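Biologist: Please display the assembly. I shall then ask about its elements one by one.

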Amino acid sequence: MNILEVKNLSKKIGKFELQNISFEVEQGTVMGLIGQNGAGKSSIIRCILNLFKKTSGEITIFGKDHAHFETEIREDLGIVFDELHVPDNLTAIDLDKIYQKVYKRWDSEFFFSLLDRFDISKYDKVKVMSRGMKMKLAIVLALSHHPKLLLLDEPTSGLDPIVRDEMLDLLLGFMEDETHSILFSSHITSDLEKIADTITFIHKGEVLFTETKDSLLYDYGLWKGTKEQATEIPTHAIIGKRPGTFGIELLVKREFVSQAFPLERPTIEEIMVFQVKGG
Amino acid sequence: MTAISIRNLHKSFPAFALRNISFDVQKGTVMGFVGENGAGKSTTIKCILNVLKKDRGLIEIFGHDHVEEEVKIKEDIGVVYDDLPFPEMLTGKEIEKFMHKLYKKWDSPLFYQLLNQFKIDPSKKVKELSRGMKMKLSISIAFAHHPKLLILDEPTSGLDPIVRDEILDLFLTFMQDDNHTILFSSHITSDLEKIADTITFIHEGEIVFSENKDVLLYDYAIWKGSPDEMKDLPEEAIVRVRKGVFGTEALVRKKYISRIFPIKRPTIEELMVFFTKGEIR
Amino acid sequence: MIALILKDLYAIKGQMKSAVYLLLFFMLLAFFFDMGPVVVMCAVLFGALQVITSFTFDEMSKWDKYGLTLPVSRRKIIASKYALSLLLTMGSALILTPLVLLFNLYFKSFSANELFSMLCVISAAAFLMLSVSIPVLLKFGTQKGRLFLFAVVFIPVFFSGFISEYMERFSIYLPSLQTIKLLAYGAPFFMLIPLALSYLVSAKIYSSKEF
């Protein structure tokens with residue numbers, strides 16, 4: 001079952017344009033949204049949330065139209081942007097009182113237990129918290145009304161590996177329930193390698209590909225060698241090349257390359273770089 | 001020869017202190033500087049640059065005291081912070097005009113060539129540039145006086161992988177010269193895995209390790225299994241233990257462990273997590 | 001040092017542009033209502049205020065943590081601000097005085113001597129203001145520093161009323177107009193002394209400042 005469906009989404013924002021964006025997030029899976037700054041990741045998430053009004057296309061969440069059932073859907077959505085958008089002078093206790101009134105299923109007990117688990121002070125005002133604390137609080141806030149779908153827009157940007165690890169743990173815990181799903185945009189693709197099931201790559205306002213993470217990492221191979229050796233690799237296998245100082249690197253489809261060539265497993269980051277720069 | 005040498009550096013603030021920081025950065029190498037937010041990376045870097053005044057300790061750059069020979073040393077240092085600290089109404093062109101007068105070895109053609117390569121319009125004001133553009137401008141400025149030492153404090157934070165790749169390429173080219181050195185602090189440890197020769201890990205104001213990267217990644221290993229199975233691991237092999245949702249993980253020293261145990265190579269990130277969150281056995 | 005002055009001039013360029021429009025407007029006023037000396041006064045004070053603005057820009061952009069990585073001593077960084085002060089106050093006076101004198105050829109409402117003494121007094125006042133404000137801004141930052149400056153400027157102005165009253169009561173009289181004029185010519189040179197002292201204090205504050 002698809003929890004989130006985006007079909008032929010188009011949106012013009014000044015000079016920039018989202019064109020014909022289509023992808024689905026299946027129930028029980030995590031989708032990683034990757035792409036350069038300004039590629040359109042945040043705009044897509046804003047369109048899904050109806051914060052940006054789409055020009056055309058269809059977006060359904062839990063099988064319902066995202067604009068028509070906006071408020072109903074929000075009850076089951078948890079949202080984290082790259083910053084904690086709450087007034088600076090509030091404490092977690094204040095936020096609990098406010099959110100109780102916002103969400104029908106707000107779970108104060110769960111909220112405070114998560115705060116404890118992540119060493120977030122109940123009494124500190126948001127403005128005295130470090131960036132890591134604020135982002136942890138943002139995730140805890142997004143989880144405490146027991147949402148079914150999490151939309152995360154660069155939640156780990158600027159955080160250190162230890163805090164990122166804690167956040168990923170929290171998200172993995174959330175995914176233990178099979179009815180839960182996540183859409184997760186991030187620049188730190190190693191985080192996505194740990195948690196995502198599928199990867200959608202946005203480039204210049206268009207979807208370059210949507211693939212399962214495993215097929216990305218296992219179907220593609222990275223080959224390094226001299227330019228001369230490179231001529232022996234069939235051209236239809238080559239997806240991208242990057243000439244370096246000492247030789248050349250190729251991103252290839254494994255199925256078209258003989259086993260005689262030693263191939264390394266690429267990272268998502270390398271696949272991105274090859275797709276954008278090594279065409 | 002050392003490019004940076006730090007001995008017993010102390011610096012205290014009301015709520016935080018750097019204690020007994022010592023490490024060396026050898027000429028011709030890249031040191032990756034890792035640690036949590038607030039662990040003391042920026043404080044250490046600012047002490048090296050004398051932007052913060054150390055309480056005590058010895059810091060030498062190219063063999064000279066960093067305070068006594070400050071002005072002379074700084075001719076050869078390029079600094080990139082995680083932001084571009086120039087008044088935001090300045091344009092690239094204007095910045096070039098006064099930086100030109102500051103450094104003896106400032107190279108205007110190189111500066112404009114870098115801007116061109118990065119597709120930055122020199123007549124745009126700093127405030128009109130995107131974050132990625134700002135960082136590229138900051139790096140162009142740091143390169144344009146032909147420094148021997150680059151000190152980078154989170155220069156790639158918040159940038160996408162493609163831009164990061166471009167920037168790392170530039171650093172790699174810089175390192176082709178054997179006289180060049182980089183001290184590079186970053187949260188994105190995969191960047192450091194690509195470029196660093198040594199890794200220094202700072203935690204709560206103290207150095208946990210300062211080690212050759214290959215030694216770190218080959219000497220340590222990660223073992224996964226159930227708590228029961230862990231009993232078979234030799235005591236002296238276990239460095240840190242973490243209990244997760246899916247079982248127990250141990251950071252082990254390879255040399256104390258027999259080949260029959262299934263182990264995998266750690267990443268710098270995993271090492272950091274083990275050393276800060278793991279329990280000592 | 002020239003480089004740092006250049007940086008500040010570029011940074012306040014935008015402000016200067018709007019200042020030029022403002023001064024053009026004042027010039028018109030001056031022409032029609034015959035207030036030439038006032039225009040010169042405004043220009044000098046405006047120039048002095050730009051120095052304070054340059055501190056605000058530095059603070060907003062966290063410039064100092066970068067400035068201190070450059071091959072320039074802390075002393076020179078401070079010296080550049082004082083040089084900028086002299087440049088902006090004297091510069092604006094030098095540009096505007098000939099214009100005002102030109103108008104006066106038509107109006108003949110004041111003598112060149114009068115304008116000159118007024119110019120001296122106002123530059124002295126600008127120097128005094130900067131001598132106090134630069135160390136204060138360095139010590140307390142531009143936010144708190146500004147509050148402090150208000151206090152420093154307004155309290156004496158407020159009390160000057162009382163003082164003149166007391167002076168009469170204790171039969172202390174102001175010196176003659178002639179002496180005042182003489183003093184006025186000397187004022188900017190006297191004020192260079194507090195400015196020099198201020199520089200030493202600022203250099204001391206900045207030498208131990210952290211960013």
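Biologist: How many of the ten residues of α10(B) are buried?

Modeller: Helices are DSSP runs of H or I with at least four residues, and strands are runs of E with at least two, each numbered from the N terminus. A residue is buried if 20 or more other C-beta atoms, placed from the backbone, lie within 10 Å of its own, exposed if 12 or fewer do, and partly exposed in between. Ile268(B), Glu269(B), Glu270(B), Leu271(B), Met272(B), Val273(B) and Phe274(B) satisfy the first criterion. The helix α10(B) is thus mostly covered, and its buried residues number seven.

Biologist: For the record, the model is predicted: local features need pLDDT of at least 70 and side-chain atom pairs count only at pLDDT 80 or more, while totals for chains, interfaces and linings use all residues. Residues are numbered from 1 along each chain as its sequence is written, with chains lettered from A and ligands numbered from 1 in the order in which they are written. Are helices α6 of chain A and α10 of chain B roughly parallel or roughly perpendicular to each other?

Modeller: Axes are lines fitted to C-alpha atoms, for helices over the stretch in contact, and angles run from 0 to 180 degrees between N-to-C directions. Angles under 35 degrees count as roughly parallel, over 145 as roughly antiparallel, 65 to 115 as roughly perpendicular and the rest as oblique. Helix α6 (residues 161-174) of chain A packs against helix α10 (residues 268-277) of chain B with the axes 9 Å apart and an angle of about 85 degrees. The two helices α6(A) and α10(B) are therefore roughly perpendicular.

Biologist: Which residues of α6(A) meet α10(B)?

Modeller: Two residues are in contact if their C-beta atoms, placed from the backbone, lie within 7 Å. On the side of α10(B) the participants are Glu269(B), Met272(B), Val273(B), Thr276(B) and Lys277(B). An α-helix has 3.6 residues a turn, so residues three or four places apart point the same way. Facing these, α6(A) contributes Pro161(A), Ile162(A) and Asp165(A).

Biologist: How many residues of the contact of α6(A) with α10(B) are charged?

Modeller: Ala, Val, Leu, Ile, Met, Phe, Trp, Tyr, Cys and Pro count as nonpolar, Asp, Glu, Lys and Arg as charged, and the others, Gly among them, as polar. Four residues of the contact of α6(A) with α10(B) are nonpolar and one is polar, and the charged ones number three.

Biologist: How many residues of the side of chain A that touches chain B are polar?

Modeller: This contact draws 24 residues from chain A and 23 residues from chain B. Helices α5 (131-143), α6, α7 (189-195) and α10 (268-277) of chain A each supply at least two residues of that side of chain A. Its residues include eight nonpolar and five charged, and the polar ones number eleven.

Biologist: Which element gives the most to the side of chain B that touches chain C?

Modeller: Among the two pairs of chains that touch, B and C have the most contacts, with 23 residues from chain B and 23 residues from chain C. The side of chain B divides into 15 nonpolar, one polar and seven charged residues. Elements giving two or more residues to it are α2 (70-74), β6 (77-80) and α3 (92-102) of chain B. With five residues, the element that gives the most is α3(B).

Biologist: How far apart are the closest C-alpha atoms of chains A and C?

Modeller: No contact joins chain A and chain C. The distance between their closest C-alpha atoms is 18 Å.

Biologist: Which strands are at the edges of the open sheet of four strands in chain B?

Modeller: Two strands pair if DSSP finds at least two bridges between them. The order of this sheet is β2-β1-β4-β5 (chain B), with antiparallel pairing. Within it, β1 (residues 2-12) and β4 (residues 56-61) of chain B share five bridges. Each edge strand pairs on one side only, and the two are β2 (17-26) and β5 (64-65) of chain B.

Biologist: Which residue is the bridge partner of Trp223(B) in β14(B)?

Modeller: Strand β11 (residues 220-225) of chain B pairs with β13 (residues 247-253) of chain B over six bridges in the antiparallel sense, where Lys224(B) stands opposite Glu249(B). Two bridges also join β11(B) to β14 (residues 263-264) of chain B, again antiparallel. In β14(B), the partner of Trp223(B) is Ile263(B).
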